[in-house]
Amino acid sequence: MCIQDYTEAHEGRGTRMAADADLETIALGKTTGFGSGCAAQGTIFQGVLTMRSISTIQVGGFAVLKTTSAELATHLLAQRQLGKQVALFFANTNFVVQCRDMRSQMENEGVAIVNDGVGMDIAARLLHADRFKENLNGTDFMPFLFRQSSTPLRVFMVGGKPRVLQKAAKYVTQLLGQVVVGTCDGYEGIKANPHLVETINQAQADVVLVALGNPVQEKWILDHRQGLNAGILTGVGALFDFWAGNKPRAPVFVQKMRLEWFYRLCLEPRRLARRYTVDIVKFLKHCYHYR
C-alpha cells in the first residue's frame, strides 16, 4: 500500500548543519576542489562542483568515487539547494555483479557511486594499489546526511514489507527527525500504483529511499529519475529492516574489523551463501576484466 503525507513536519527537529559555511561556499562556486587531497581537483559547472571533478577508482567497470561522508553530504545538500538531482548508489561486490548491465546508464551526469564494503577496498588495493578514503554504506550514511541538513528533509520511502516499512517510517520521523511524506511497500503497494512517480512528486519529496535490493532498486531509480523532482535518489538495500528492528546490525567491534558481511552471512546463510561464494568469483573476474 502506498501512503502519502505519512506525517507532518515536527518543529525543532533536525540538527543545525555543522558545515553551513562550506555548503554556501560550494553552492556559490567559490571553491576549486571537492574536498582536500583529491588527486583530481574540482571544476565549477554551472555554479556547483560536479562529482565528476574528483578522483575515482575503477572497480569492475564502475567509476567509484574516492570521497568521505562529510564531502558527499555537503555535495548532495548543495545540489539539492540548487535544484539539481543526484542518484546515489552504494556499490558493494554484489552491486558490481548484479548491476553490470547498467554501467552505461551510471556514467550519466548526476549519478554518484560510492564504495561499500571490504571487497571494494581489496579490489582497489590489488588492482590499482589505491585505497578509498572511507567506507560508505547507506546504513551509516543516511542518518549522517539527515544530521547535516539545517532543516528536516522530506523523505519518501519505497520498498520493504508493509509492516517493516511502517516501523522504519516511524524510526525516520521519531528518531532521525525527518518528515516522511509518503511510503510505498515493495510488494502489493508498488504493483498497485502505476503512478508512483506522480505520487512522489505530489508529496514534494526531497529524498527518495528505494529498498528493493540489487539490481531492482538501481534499475527502478535509473528508469524513473528523469520523471522525479526529488533532489536525492538512493538505493538502500536492507536499511528499512535495520530501522524497523527486523534485522540486527553487527556489533560495533565486528563492524570495525570489517566483518559485518560475515555476521550477516551467519544470520542468513541460505540467502547470502551464493553472494559470498559464486558471486565473489564473478566479482573478481569483472574486476580483472575492467582493471
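## Strand E9 and its neighbours

Let's start in the sheet: strand E8 (residues 154–159) runs parallel to E9, and the two are paired over 5 bridges. Within that pairing, arginine 154 sits opposite valine 179 of E9. This is a predicted model, so please read everything here as a description of a prediction.

Strand E9 also pairs with strand E1 (residues 2–4), this time in the antiparallel sense and over 3 bridges. Here cysteine 2 faces cysteine 184 in E9. The connection from E8 to E9 involves helix H6 (residues 162–174), and together E8, H6 and E9 form a right-handed β-α-β unit.

How many of the 6 residues of strand E9 (residues 179–184) are buried? The count is 6 of the 6, so the strand is largely enclosed by the rest of the structure. As a reminder for anyone looking along a strand, side chains in a regular strand alternate between the two faces of the sheet.

## Aromatic pairs

Next come the rings. The structure holds 8 aromatic pairs. One of them joins phenylalanine 90 and phenylalanine 141 in a tilted arrangement, with 6.1 Å from centre to centre and 55 degrees between the planes. Phenylalanine 90 belongs to strand E6 (residues 86–91) and phenylalanine 141 to helix H5, so this pair ties together parts that are 51 residues apart in sequence.

Phenylalanine 141 has a second partner in phenylalanine 144: their ring centres are 6.3 Å apart and their planes meet at 40 degrees, so this pair is tilted as well. These two residues are 3 apart in helix H5, which means about one helical turn separates them.

Are these rings buried or exposed? Both phenylalanine 141 and phenylalanine 144 are buried, with phenylalanine 141 at a relative accessible area of 2%. Phenylalanine 90 has 8% relative accessibility and therefore counts as buried, the cut-off being under 20%. Elsewhere among the aromatics, ring pairs link Phe62, Phe89 and Phe95 into a cluster.

## Asparagine 137

Asparagine 137 is a good residue to inspect next. You will find asparagine 137 in the loop between helix H4 (118–128) and helix H5 (138–148). Although in a loop, asparagine 137 is buried, with a relative accessible area of 10%.

What does the side chain of asparagine 137 reach at 2.9 Å? The partner is the backbone nitrogen of aspartate 140. Leaving aside residues up to four places away in sequence, asparagine 137 touches Phe90, Asp116 and Arg249. Phe90 brings us back to the rings, since phenylalanine 90 is the tilted partner of phenylalanine 141.

Definitions and conventions. Residues are numbered from 1 along each chain as its sequence is written. This is a predicted model: local features need pLDDT of at least 70, side-chain atom pairs count only at pLDDT 80 or more; totals for chains, interfaces and linings use all residues. Side-chain values use heavy atoms; hydrogens and water are left out. Helices (H or I, at least four residues) and strands (E, at least two) are DSSP runs, numbered from the N terminus. Buried means under 20% relative accessible area, exposed over 50%, partly exposed in between (1.4 Å probe, protein chains only). A polar contact is a pair of N or O atoms within 3.5 Å; within protein, one must be able to donate a hydrogen and the other to accept it, and residues adjacent in sequence count only if both atoms are side-chain atoms. Contact means heavy atoms within 4.5 Å. Two strands pair if DSSP finds at least two bridges between them. A crossover is right-handed if, with the strands pointing away from the viewer, the path from the first strand over the helix to the second runs clockwise. Rings of Phe, Tyr and Trp (its six-membered ring) pair if their centres lie within 6.5 Å; planes under 30 degrees apart count as stacked, over 60 as edge-to-face and the rest as tilted.
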